[in-house]
Structure formats: structure tokens, C-alpha cells
Amino acid sequence: MHIKYTPESIELEVQKNWNTQKSFKVVEDPNKEKFYCLSMFPYPSGRLHIGHVRNYTIGDVISRYQRMQGKNVLQPMGWDAFGLPAENAALKNNVPPAKWTRENIAYMRQQLQRLGLGYDWDRELATCDVDYYRWEQWLFIQLYKKGLIYKKTAPVNWDPVDQTVLANEQVIDGRGWRSGALVERREIPQWFLKITAYADELLQGLEGLEEWPHAVRSMQRQWIGRSEGVEISFQVGENTLDVFTTRPDTLMGASYVAIAAEHPLAKQAAAQDAKYADFIHTCTQTSTAQADVETMEKLGMDIGLKAIHPITGEKLPVWVANFVLMSYGSGAVMSVPAHDQRDFEFAQKYDLPIKQVISDGKTTQNLEAAFVEKGILINSGQFNDLSSQEAFIAIAEYLEKQNKGQRQVNYRLHDWGISRQRYWGCPIPMIECPACGTVPAQDLPVVLPAELTTGLKQDSEFYHVSCPQCGKEAHRETDTFDTFMESSWYYARYTCPDNEKGMLDERVHYWLPVDQYIGGIEHAILHLLYARFFHRLMRDEGLVHGDEPFTRLLTQGMVLKDNEKMSKSKGNTVDPQDLIEKYGADTVRLFIMFAAPPEQSLEWSDSAVEGAFRFLKRLWKQVALHLEHAVPLLEPEKLNDTERALRRQVHEAIVKVSDDLGRRYTFNTAIAAMMALLNSLSRAQDTPQNHAVRQEGLKAVVLMLSPIVPHISQVLWQELGETGLIIDASWPKVDKNALICDELKIVIQVNGKVRGHITVPADTDKQTIETTALSEPNVQRFTKNKTVKKVIIVPKKLVNVVVI
């Protein structure tokens, strides 16, 4: 064995062997326990960034570990290939998006392979493949027939730079998530998917996701936003204005009603008076996202209409307000300034009445802020002295008897707008016919023209068709799907990507659900909620079993440099390719896994990368030096105390690393334990049996490191006398006899501070341990002239003497 570690030649040779033997190709085996490990697939932007490397290395380590447990492991890879960057690149470079995307995929595939990631490349898919998106179109039509998809004109978030609609989840601080442009509110025809029909099920399902991060479940729970309340009817002339409130106990304090700029009553006012029209137009220049509405300046205008209070008959002014959204509820809210801070500030700004109707039981006084707590009703006529809870029921019952209201359950979640005014996406398989209206296409797949560099309307062959119902001249829908449609079911298609006869087949039942899913927490609402929804849609079509797509979720942290997130705009990115060429893939993988726990942010450090490289060189050299001498047979029963202690360290390390990798996912502490073991092995005396223990220890370290640094581990495995591929080897077994300790070294503390150590036989009883600890000279020094209040013994670890 050569003493020098040369990663490039080693890694390329090992990868060649994997490819030749198709080492990661997997098929269904009912006799083996399956493990499906999936990392969120990348957008083919052109080059991997270090965040990709972290995500995919974590998944690869988990997959390789599970394979060594004897499981049938599936780890696939593909490409989230539709999207705006490809379309923008096409416009900029005058090349079709398809060509740009395919070239990027080819380059990034090579990068992933060079990292040594163990993917079953036979299952590779790209969402821009017709064989993939055709089944998405098929499912769309099935859902349309069920009434779960509909088209309506609706106020939407319009990105003026990207020239497309954005879902509320895609608007961040009032700006488009990709372009960063200020979002406008527009009304255009849109296709919607009825995610609200599954709102309660999606909410309840979160309770069973015990192996998901609490933060993700909490974010989804808040986004779905279930609330119980009352829908109340206010009469406005000949019209009825329905508003939903979770606080009917405050109804007697309502002093005005606010409506959205797009509300029919607002449009009616705008048509009659130019000043109303100008104000309403101003309101439309804002996002439709609730989060943005909550932070912007609140503006309003009284449009001269009166709403009749359903209990008192009082005439309340109707205001158009920019904080009311047509897409939320009925586009109208009752405003109770005394008990809602937003309404309070609006009422102060426009000098509207503020009437307190809820009290904490103390003397009523002028409010300096809204009293938002629940309490006792005052100034509420027949409902006075009721608690808020009692008033909720009493007022709801009163309104129901008068046919002026009814109890309801509402959700913050709204139907998913899936239309995008872009070219590079999956065509929506619908046809517009002057005679028949909107009808589903029958000639699936509706193929996106691959060579087109502009909008679909410009492609005459695509756009102009005959109506499948009447045969008359018609045209195709030119919107494409939101790309989150493609990423909502790709995990299932990986199980049967070669199926040409259907969206999925029986193989999906073997592999699903995904046992381990890995990706950034930024996908907590968008992707992860949509995927849970899509899984239920496919379940109800009889395509999959079970309710949830992902059993366990790991959300890895960001990669930072100089305490900032890496980004091209900040000029602080690190090219993984450069690192691989300089140090090798194993060094990059080792640094990524050692630098921080996976769910925490990782701070980039050039010196830490160098440190990882030095460790691998040291490992290589240690094995080389060890093999310079013949290795005798290990005879555990003949080991002396020192040799037994060394072997005990080997098997204690196996116990710790197994737990860290298999259960806790604390990869950094597992690596630290292996480093410590290697140090002990290198320092051990050169006795024949220590040499045998060192052989056992080095094999264990190489096996345990192999999920993290698979290339060097493969070569060292063979150098240590083994044959075949290390990925087919079993995880090292713990010899329980080796863990038996004849003596224990116990830490002695006095009032929590370490003051000494004692060594006792392993079977020593507690009383003897206590007596021995109190007799330790340094402990006696710190307990002299003090009263021992109690002695706490942690078995096999420490004694804490509490004195006063």
C-alpha cells in the first residue's frame, strides 16, 4: 500500500466500479425491509452550489447507513426542470428553454456523480419530460371532472417583472419570490385547485407527523388557520353583506363595515363617482397576501352606503379599505375598533366611533389601545354581563333564529391558484370553444413545443385546434401550471418512472411512503403542504395508499460564509467543483457532515476543509503503517487490562456512532467519536494483541466512515484484507462482552464542581462508592467543617456531594 493519499485517482476508480456493477440500482424485494430516502430535487440552474452538496450528502449518508443495516434502499434523483429562469435565459440568449435546461442537467448530473452520491440513475426523471407531465395533465382532467378544479376571475398577485401570477405563498414582504419586484393586484381568469376541500384533513394529519420538525408542523397549522365563528348578515339597501367573525361577542361594538376594493358594492360606487374610482384603483396596487396587507399603511374611504346592524338596527357606514381582501371570506369585515387594534387605529385616523363592549370587570375608561382580550359584555343590551364564551353562543343563537347569521368553521387557507402566464411549463390541458365553452383536451399529452422561445399563442400549430366536442374551431389554454404542481408528486413517480400506461403502478405500494425526506425549511408551506395535498388527491384516485407522503422529515440549515447566507449577489459563494478538484469528494463530504448538526446553519471555513483533508491523509497513513506488520489472530480471552480497555473503546465507539447515525442524525458527533478512536488506536502500545485490536478497530472505523467518505473507505477496506464492495458489507456488530468493564473510573463533584476521581470494581455497591468518594483526600478538603446534606450517585458515572 502506497503511503500517500491521492484522492482523485482513488475516487474515479471507485466510481467506475460502482457504474460498472450498477451498485445503486434497486428493485422491489418483498423479502427485505425497504427504506426510501429522498432529498428534494434541484432546479437545473447550471451548477451545484454548496447548499446542494449539503442536502445531497446528508441523504447519501443516511441511505448508505440504512443499506448497511440490510435494508433495500431506494435513493433516486431527478430535476425540477420547468421554471422562469430557463425562460428568461431563452429570451436573453435566443435559445429554446429546453436546450438550456438539458445542457444544465447534463453538467449537474456529472457534478452529482463526481461527489460519489449513490443514486439509482435508471430512475432519473425531469419534470419537463413529456412522459412525466402527461400524467399530471391526466390527473388534472380527472380532478376537473370531480369538481376539484375550477376557473374563475379573481384578484391575484401580479409580478410586473416576471409577467406572471404568484400564489400568496410566493409573495415575500410584498415582492415576488424570484424577481423581487413589488407585486400588484389584478383580476384575471385563473385555474384553481380546491385545496380547501382537504383543509381539515391536512390539519388533522399534522398530528400524526411525529417525526417532522415541530416548526414545520406549526407553520402549516398556522397557514391552514382553522377558526370557528359566525357569519353575520348586514343589510345594505337591497343587498346582503355577509361577514365572518371569530368574535361575535363584540358585535354590539361594531361601528362601521369595511369592504374590499374588488367587492361589487365598491365597483358600483366607483362607477358612480370618480373619487371612489381613483381610491379603489390605488387599493389594487398592492399584494393579495395577508401578511403584506397587515404591514402596510391602512387607507379607506366612506362610499356613502349604510349597513343595518342585525341586532340594533343602527346604520353603520360602509368603507372601502385597502386592508380587506376579496379573496378572504366574502371580501367584507365588520369593524369593532374597541376590540381590534387594526380597526382601532383606522377609527382614530378617520374619526370613527369607538364603543367598548367587552370589559375585564374593572371600571370602563377611555381606551388608549384596543382591548383584545375576552371578558364580560357591557354596553350590549340584552347580552350584558355574559362572558365572551357565553355571548358567543347567545348571539349566534339569536342571529340564527332571526335568519341573520349562522355558525361556521373557516380556514385561512385558500384554493391554490395554479395558472401561470409563462411558456416554459406544463400546458394546462383545456380547450376554449366559442360554442361549448371550456372543455378538457382529449389528445393527451398536450406537448409543449420544444423549440419555442416565446409565448404559446405565437405557436399557431399549438394554439389553434378543433373542439373535441363539436369539432368547431377553438384554441388551447395558453397558461401553464405553477411548477409546484410538478414537485408535488415526483416522489411517487420515482417508484415507477418507466411506466408508460399510467401515472403510477403497483410498485408505488412497495416503496411509499418516503421513509426519510430531506430539504430546506423554506419549503415548509409551499412544497410540503402541496405534496401532502397531492398525495391525498392521488389516494382518492386509487393511485397510492396511505394519507401522508413522507414519514420523517429533516430540514437542513443554510450554509453561511462570514455570517451571511451564501449568494451570488453577495459574492461569497464557494464552487464545490473547485473543492473537489483540490481535495477530492470525500474531503468535501467529510467537512459538510462534520461542521455542524444537519438542522443547524453551517458556517463555511476554509481551514476546516483543510482539517478534513488532513484527517483523511492521517487515516490513510495510519492504515498503511499498520499494514507494514503481519496481523495476528485476535484472542479476546487473552487480552491484558490495557488491551481490553482499547478493545472496549472500539466497541463503545460502535455503539455511539450507530446511535448518532441511525437515530439521532448527529453526524458531527459520530465523526468526532471515530476521530477519538483513531487517536487511541494510534497511541496504543505495539503488542501483538494490540495490533490485532487495532486491525479490528480500523476495520470498524472504515466501515462506519464509509457512508460519509465512501471512496477512501472502499480502498482501505480492501487493503485491510476484505473483498467486494464496502457498500455491500454489514454494519459493524457490537461485542457485548467487549463492553464489560472490570473497573469504573467515577468523577467526584462537591456542589457540582469536579474535585476528584475514584476507581472501583464494576460491581461495587452504592454504599461502598459513597464511602470511597467521601474518603478521597481532595474531596475531604472541600467538605471539611461542612455538613454533608446529601450524596447523589449517577451509576457508573459520577458522585455529587452536596454540602452546606
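Start by selecting Pro513, which sits in the loop between helix H15 (507-511) and strand E26 (514-520). Before you look around, keep in mind that this is a predicted model. Now add Leu512 to the selection: the peptide bond that joins Leu512 and Pro513 is cis, with omega at about 5 degrees.

Stay here a moment and pick Tyr510 and Trp511. Their rings form an edge-to-face aromatic pair, 4.7 Å centre to centre and with 85 degrees between the planes. Are these two buried or exposed? Tyr510 is buried, as its relative accessible area of 18% falls under the 20% cut-off. Trp511 is buried too, at 0%.

**Another cis proline**

Jump to Leu444 and Pro445. A cis peptide bond joins them, and omega is about 0 degrees. Pro445 belongs to the loop between strand E22 (437-440) and helix H13 (460-463).

**Rings**

Next, show the side chains of Phe, Tyr and Trp. How many aromatic pairs does a search of the whole structure find? There are 32. Zoom in on Phe323 and Phe346: the ring centres are 5.3 Å apart and the planes stand at 80 degrees, so this pair is edge-to-face. Follow the backbone and you'll see that the pair links distant parts of the chain, 23 residues apart. Phe323 is in the loop between strand E14 (315-321) and strand E15 (332-335), while Phe346 is in helix H11 (residues 341-350). Turn on a surface and check the cover: Phe323 counts as buried at 2% relative accessibility, and Phe346 counts as buried at 1%.

For a bigger group of rings, select Tyr198, Trp416, Phe484, Tyr530, Phe533 and Phe534 together. Ring pairs link these residues into a cluster.

**Positive phi, no glycine**

Now for some backbone angles. Select Asp385, in the loop between strand E17 (376-377) and helix H12 (388-401). What is its phi? The value is positive, about 75 degrees, although Asp385 is not a glycine. With a relative accessible area of 63%, Asp385 is exposed.

Then go to Lys796, in the loop between strand E33 (788-794) and strand E34 (798-803). Lys796 also has a positive phi, near 70 degrees, and is likewise a residue other than glycine. The relative accessible area of Lys796 is 62%, which makes it exposed.

**A helix residue and its partner**

Pick Thr282 in helix H9 (residues 274-283). Is Thr282 buried, exposed or partly exposed? It is partly exposed, with a relative accessible area of 43%. Draw a distance from the C-alpha atom of Thr282 to that of Ala261, and the separation is 9.0 Å. Along the chain, Thr282 and Ala261 are 21 residues apart.

**Last stop: a charged patch**

Finish with the surface on and select Lys4, Arg614, Lys617 and Arg618. Together these residues form a positive surface patch. Click on Lys617 to see where it belongs: it is in helix H19 (residues 606-626). Lys617 is partly exposed, with a relative accessible area of 38%.

Methods. Residues numbered from 1 in each chain as written. Heavy atoms only, no water. Patch = residues over 30% accessible without salt bridge, like charges linked within 9 Å, V, L, I, M, F, W, Y side chains within 5 Å. Areas by Shrake-Rupley, 256 points an atom, 1.4 Å probe, with all protein chains shown as cover. Salt bridge = Lys/Arg side-chain N within 4 Å of Asp/Glu carboxyl O. Lys, Arg positive; Asp, Glu negative; His and termini not counted. Charge placed at Lys NZ, Arg CZ, Asp CG, Glu CD. Helix = DSSP H or I, 4+ residues; strand = E, 2+ residues; numbered from the N terminus. Buried < 20%, exposed > 50% of the residue type's maximum accessible area, 1.4 Å probe, protein only. Phe/Tyr/Trp six-rings, centres within 6.5 Å; stacked < 30°, edge-to-face > 60°.
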